[in-house]
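Student: I would like to go through the aromatic contacts and the pocket in this model. Please justify each label as we go.

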Amino acid sequence: MRNPGFDKPLYILPFDHRGSFQKKMFGWNRALTGEQTAEIAAAKRVIYDGFLAAVDAGVSKDKAGILVDEQFGAAILRDAGAAGYSTSCPAEKSGQDEFDFEYGENFAEHIEAFHPTFCKVLVRYNPEGDPILNRSQTIRLTRLSDYLRSKRSSSLFMFELLVPPEKNQMNRLNGDKQAYDLKLRPSLMAGAIEELQEAGIEPDVWKIEGLDRREDCERIVAVARRRGSDKVGCIILGRGEDDSKVGGWLTTASAVPGFIGFAVGRTTFWSTLVDWRANKITRENGVTEIARRYREFVDAFEAYRVAAPAS
């Protein structure tokens with residue numbers, strides 16, 4: 001087993017959305033036809049072209065990366081991998097509360113078909129939540145973690161941790177979601193990471209929800225690295241929030257050693273794709289706008305980023 005860790009700057013444009021993309025962007029709730037699948041793939045190509053334009057305009061290729069799914073983005077994954085970009089691909093089924101493998105027992109075969117830089121999972125895990133649900137997820141995740149740390153795979157492990165509130169937790173806060181995010185979620189995130197680590201789950205990068213306070217960012221890094229893995233990195237996800245909220249999270253996190261970057265997707269591309277599909281803007285303008293917004297988030301993080309100490 002290799003030691004976990006990745007501490008280089010990592011600025012990801014994620015567009016691995018599947019079920020939500022199909023339903024909310026296109027309004028399709030049934031099984032897709034081949035033509036519909038191709039139309040979604042074409043929309044994701046607009047996002048990818050925006051990413052490429054941003055790199056052409058100055059974003060460091062060594063720091064830039066994409067996160068896209070096999071279902072709609074197989075050609076993009078191959079193109080980006082051949083061009084030497086950091087690639088990430090999800091392993092989870094889309095739109096489920098419980099983590100499970102998208103391709104079941106064939107999960108390893110699909111990882112190795114693309115050799116992504118990172119195999120990513122999205123997991124909803126509240127340490128005060130249903131213990132049976134948490135346990136069943138942990139069993140599958142431990143299996144994936146062991147596989148990715150073994151010599152059988154060259155891909156690293158990226159863990160996207162979401163900590164949705166339990167009903168009793170919200171009741172204690174009188175239903176105040178902002179109070180949950182500020183007062184309760186940070187400690188629950190730390191607790192979730194500890195529990196997952198104790199189960200043998202060792203990601204190279206933790207992809208986490210934004211934090212408003214520096215001390216919370218510092219605590220998450222300390223927990224992520226508590227088992228002696230001082231190279232483990234953390235990145236901030238955008239959660240579909242507006243520019244101001246995401247910018248604040250990036251500014252706070254970038255000043256904390258151990259936070260190496262971000263993965264901001266919907267905030268970067270969603271409204272632009274909506275306008276393009278409505279014929280309000282041209283495809284070229286859409287690509288340009290996505291590139292601009294991605295570069296702005298890179299610049300925001302770079303402005304306060306703490307460089308890793310020389311090894």
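**Rings, charges and a pocket**

Tutor: This is a predicted model. Tyrosine 11 and phenylalanine 262 are both buried.

Student: What makes the pair of tyrosine 11 and phenylalanine 262 stacked?

Tutor: Their ring centres are 5.3 Å apart and the planes differ by 10°. Pairing requires centres within 6.5 Å, and planes under 30 degrees apart count as stacked, so the label applies. Tyrosine 11 lies in strand β1 and phenylalanine 262 in strand β8, 251 residues apart.

Student: Why is the pair of phenylalanine 269 and tryptophan 270 called tilted?

Tutor: The centres are 6.4 Å apart and the planes stand at 35°. That angle is neither under 30 nor over 60 degrees, so the pair is tilted.

Student: Why is phenylalanine 269 called buried?

Tutor: Its relative accessible area is 0%, and buried means under 20%, so the term holds.

Student: What makes the charged end of lysine 61 count as sitting over the ring of tyrosine 85?

Tutor: The charged end is 4.9 Å from the ring centre; the distance limit is 6 Å, and the direction must be within 35 degrees of the ring normal. Tyrosine 85 also belongs to an aromatic cluster that includes Tyr11 and Phe262. Lysine 44 sits over the ring of phenylalanine 21, with its charged end 5.1 Å from the centre.

Student: Which residues are closest to the centre of the largest pocket?

Tutor: The largest pocket has a volume of about 760 Å³. Of its 33 lining residues, His17, Leu122, Arg124, Leu162 and Arg266 are closest to the centre. By class, the lining has eleven nonpolar, eight polar and 14 charged residues.

Notes
Residues numbered from 1 in each chain as written. Predicted model: local features only at pLDDT ≥ 70, side-chain atom pairs only at ≥ 80, totals over all residues. Heavy atoms only, no water. Phe/Tyr/Trp six-rings, centres within 6.5 Å; stacked < 30°, edge-to-face > 60°. Helix = DSSP H or I, 4+ residues; strand = E, 2+ residues; numbered from the N terminus. Buried < 20%, exposed > 50% of the residue type's maximum accessible area, 1.4 Å probe, protein only. 1 Å grid on protein atoms, 1.4 Å probe; cavity = no way out; pocket = protein on both sides within 12 Å on 5 of 7 lines; lining within 4 Å. Points joined across faces, edges and corners; volume = space filled by probe spheres on them. Nonpolar A, V, L, I, M, F, W, Y, C, P; charged D, E, K, R; others polar.
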